[in-house]
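User: Please take a close look at one part of this model for me and walk me through how that part connects to the rest. I'd enjoy one continuous explanation, with cut-offs spelled out as you go.

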Amino acid sequence: MSETPNLDFAGTTPYEDYVQADVLTHLQHPLSDDPGEMVFLVTTQVMELWFTVIVHEWETAAKALRGDDVPTALAALTRSTYELRSLNASWEPLAHLTPAQFNSYRSALGEGSGFQSAMYRRMEFLLGEKASSMLVPHRGAPRVHDELEKALHQPSLYDEVLRFLARRGHDIPAGLLDRDLSQRYEPQPAVESVWTRVYEGDPTTPEARLGEGLTEVAELVWRWRNDHLVATRRAMGSKVGTGGSAGVAWLERRAQKNVFPELWTARSYV
Ligand code: HEM
């Protein structure tokens, strides 16, 4: 047996066939001459890849819950928390931009904004933050639009959690189980009471472990939003966003929202 790796391949390497590194590392087309733009572009692409994996995990978890397979759901949720930590750590190269550094390539971005990220939107939809208006920017891109439209009408991860809780005998109002899935999920006192009882009980039940898995996800998503907010405040103060919003003021409102709100408010009553 040779001690060194194989060097001789007839076609492309098996690594390339699997990873498609040649494709991946030639997708970087900066729009300005500024040397600092490359890390902005690559960080954004890296985050898109993490969004893609996280969507995959949450869809896996939702599907598993639909079949009452809690171990598979919890494993996917746990993986997603490690991925969320990596996603959040990728803010580091953009977290220290001065306004002058960001200005060096900002105008080249035109009207481009992360607000137009379809994969981020799918994450938000899975968390229950549905809005049909978020499909509008993607009208010109049929594949993206179709995927988002499908996600809009599918049960979110949280919808599947509520259905699971109902099947386990918890008192989830019937109206929530056949709600219009394309609408944003609004927190309900009855669901808060269910989580309160879950948290008062045995911490080893599937419900209690699910509650903590979801809480961890919620906290890490909230951290992404806040890290984004602070990076934006450092890079551009209170200027308007390239996507046309009020910028930091708009992001502040988004970051104030709790993910899975009843899991947080229930804690006051335990
Ligand atoms: C320091 C660099 C960044 C600045 C200054 C910035 C700024 C902004 C601003 C002002 C908005 C509000 C919408 C608008 O008017 O454009 C926004 C939204 C957004 N940005 Fe960034 N951004 C930065 C980096 C990133 C990166 C690297 C990503 C990764 C994909 C990203 C993803 C998003 C997303 C997903 C939204 C929409 C959030 C929502 O819908 O709640 N941003 N950004």
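Analyst: Helix 11 has 31 residues, and from its first C-alpha to its last it reaches 45 Å, close to the 45 Å expected at 1.5 Å a residue. That expected span is 1.5 Å times one less than the number of residues in the helix. Helices here are DSSP runs of H or I with at least four residues, strands are runs of E with at least two, and both are numbered from the N terminus. Please keep in mind that this is a predicted model: local features need pLDDT of at least 70, side-chain atom pairs count only at pLDDT 80 or more, and totals for chains, interfaces and linings use all residues. Residue numbers start from 1 along each chain as its sequence is written.

Helix 11 covers residues 206–236, and it sits in a protein chain with 13 helices and zero strands. The C-alpha trace of that chain spans about 60 × 60 × 35 Å along its principal axes. Just after helix 11 comes Gly 237, which has a positive phi, near 55 degrees.

Now to what is packed away. A residue counts as buried if 20 or more other C-beta atoms lie within 10 Å of its own, as exposed if 12 or fewer do, and as partly exposed in between, with the C-beta atoms placed from the backbone. Across the 270 residues of the protein chain, 24% are buried. In helix 11 the buried residues are Glu 207, Leu 210, Gly 211, Gly 213, Leu 214, Val 217, Val 221, Trp 224, Ala 231, Thr 232 and Ala 235.

Val 221 makes a good example. This residue of helix 11 is buried because 23 C-beta neighbours lie inside 10 Å. Leaving aside neighbours within four places in sequence, Val 221 is in contact with Leu 84, Leu 127 and Val 259; contact here means that the C-beta atoms, placed from the backbone, lie within 7 Å. Val 221 and Val 259 are 38 residues apart along the chain, while their C-alpha atoms are separated by 7.5 Å. For the protein chain in general, 69% of the contacts between residues at least 6 apart in sequence join residues at least 24 apart.

Helix 11 also takes part in nonpolar packing. A nonpolar core is a set of buried Ala, Val, Leu, Ile, Met, Phe, Trp, Tyr and Cys residues joined through C-beta atoms within 7 Å. The largest such core has 42 residues, and Ala 61, Leu 157 and Val 161 touch the most other members. Helix 11 is among the elements that each supply at least two residues of this core, together with helix 3, helix 4 (70–89), helix 6 (118–127), helix 7 (142–153), helix 8 (157–167) and helix 10 (189–200). Helix 3 gives the most to this core, with 10 residues. A second, separate core has six residues, including Leu 94, Phe 102, Ala 231 and Ala 235.

The ligand is another point of interest for helix 11. A residue is near the ligand if its C-beta atom, placed from the backbone, lies within 6 Å of it. There are 25 residues around the ligand, of which Ser 113, Gly 114, Gly 241, Gly 243 and Ser 245 come nearest. Helix 3 (37–66), helix 11 and helix 12 (248–256) are the elements that give two or more residues to this shell. Helix 11 gives the most, with five residues.

Finally, the UniProt record, an unreviewed entry, annotates His 228 as "binding site"; such annotations may be inferred rather than shown by experiment, their positions follow the numbering used here, and feature names are shortened. His 228 is in helix 11, and it is partly exposed because 19 other C-beta atoms lie within 10 Å. The record also gives "binding site" for Arg 106 and Thr 242. These two span 137 residues in sequence, yet their C-alpha atoms are no more than 8.2 Å apart, so they gather at one spot. Arg 106 belongs to helix 5 (residues 99–106), while Thr 242 lies in the loop between helix 11 and helix 12. Not counting residues up to four places away in sequence, Thr 242 touches Leu 109, Gly 110, Glu 111, Gly 112 and Ser 113.

Conventions. Two residues are in contact if their C-beta atoms, placed from the backbone, lie within 7 Å.
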